[in-house]
Amino acid sequence: HLDENSAERKEIEDAIMAYYADKAAQAEASRIASEARVALEESRLAAESKMNTSSENTTSQDETYGTTTSREPEVSSSYVSFITPSRPVSSRAEVSSNRISSVYVEPSSQEPEPSSQEPEPSYSEIIDDPQPSAGYMWPVPGHYTLSSQWNEDRDSYNHGAIDISDGGIMNQAVVAAQSGTVILSNSDCVHNYGKGDDGNCGCGGGYGNYMMIDHGDGKATLYAHLTSLTVSSGSYVQQGQVIGYVGTTGWSSGPHLHFETRLNGVKYNPMTEYPNY
């Protein structure tokens, strides 16, 4: 029963969009730097070719007159200077709300160094999903009842998620739908009880205890109303890793998992990731 138009939610949405805007700026800076390096290399090769041609002509002339001349090619310092973007890039999304415990943003880098190693996972338990599909695992294995559908009409807003709930879901394990990095989280809500249709303790902007995982290529998932989290912002998680437990924190009338899928910060129907549901 999360009010998606509340002021608290707007602060979280602003933080999410700022994160993706920062990533886009970093990607643009990296593109500019790459193009500059290509241009620099082309200039260097052209200069070498020109000097080699000049050296060959000089040798030919010297042989004609019976003399030998040795010359070292001179390379201008402008050929080895590195071109960087003139516009500074923010390295962190600005977040003003004290309800958000942490926003993790990868360090800004104009030209990231390639890595041959995968990030070291920080997990203790992985659950095999009995119904894997479309690359995403179901976030609450064994519990498939939807108490609220995507885009459900709630008078003042439409539900931008699905709610997964049944009679035995309280404290059941929630797993990462796909591997990625936790970029946003809150774990300080202690109001783990149903609050009625209009009840909201205000924690986590109404999400209660929650987290958002960046899976790369602009895709992310968000898990809300958890009893507790087993990972924190900045953690790398594997697909199927237990990341928390179903609860009813924040704006919640009873135990359920509020599950969102996003592309570049924008919500889309989670069920498109589960065509065999």
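**Briefing: fold, burial and cysteines**

The protein contains one helix and eleven strands, counted as DSSP runs numbered from the N terminus, with helices being H or I of at least four residues and strands E of at least two. This is a predicted model, in which local features need pLDDT of at least 70, side-chain atom pairs count only at pLDDT 80 or more, and totals for chains, interfaces and linings use all residues. Residues are numbered from 1 along each chain as its sequence is written, and side-chain values use heavy atoms, with hydrogens and water left out.

**Fold and contacts**
- Along the sequence, the order of elements is α-β-β-β-β-β-β-β-β-β-β-β.
- Of the contacts (heavy atoms within 4.5 Å) with a separation of 6 or more, 73% join residues 24 or more positions apart.

**Surface and burial**
- The protein has 277 residues, and 43% of them are buried, meaning under 20% relative accessible area with a 1.4 Å probe, protein chains only.
- Its accessible surface is about 14,500 Å², by the Shrake-Rupley method with a 1.4 Å probe.
- Carbon and sulfur atoms hold 47% of that surface.

**Cysteines**
- A disulfide is a covalent bond between the sulfur atoms of two cysteines.
- The whole structure has zero disulfides, the criterion being a pair of cysteine sulfur atoms within 2.5 Å.
- C189 is not bonded to C203 because the sulfur of C203, the closest cysteine sulfur to that of C189, is 3.2 Å away, too far for a bond.
- C203 is likewise in no disulfide, its nearest cysteine sulfur being that of C189.
- C189 is buried, at a relative accessible area of 6%.
- C203 is also buried, at 12% relative accessible area.

Note on methods
Buried < 20%, exposed > 50% of the residue type's maximum accessible area, 1.4 Å probe, protein only.
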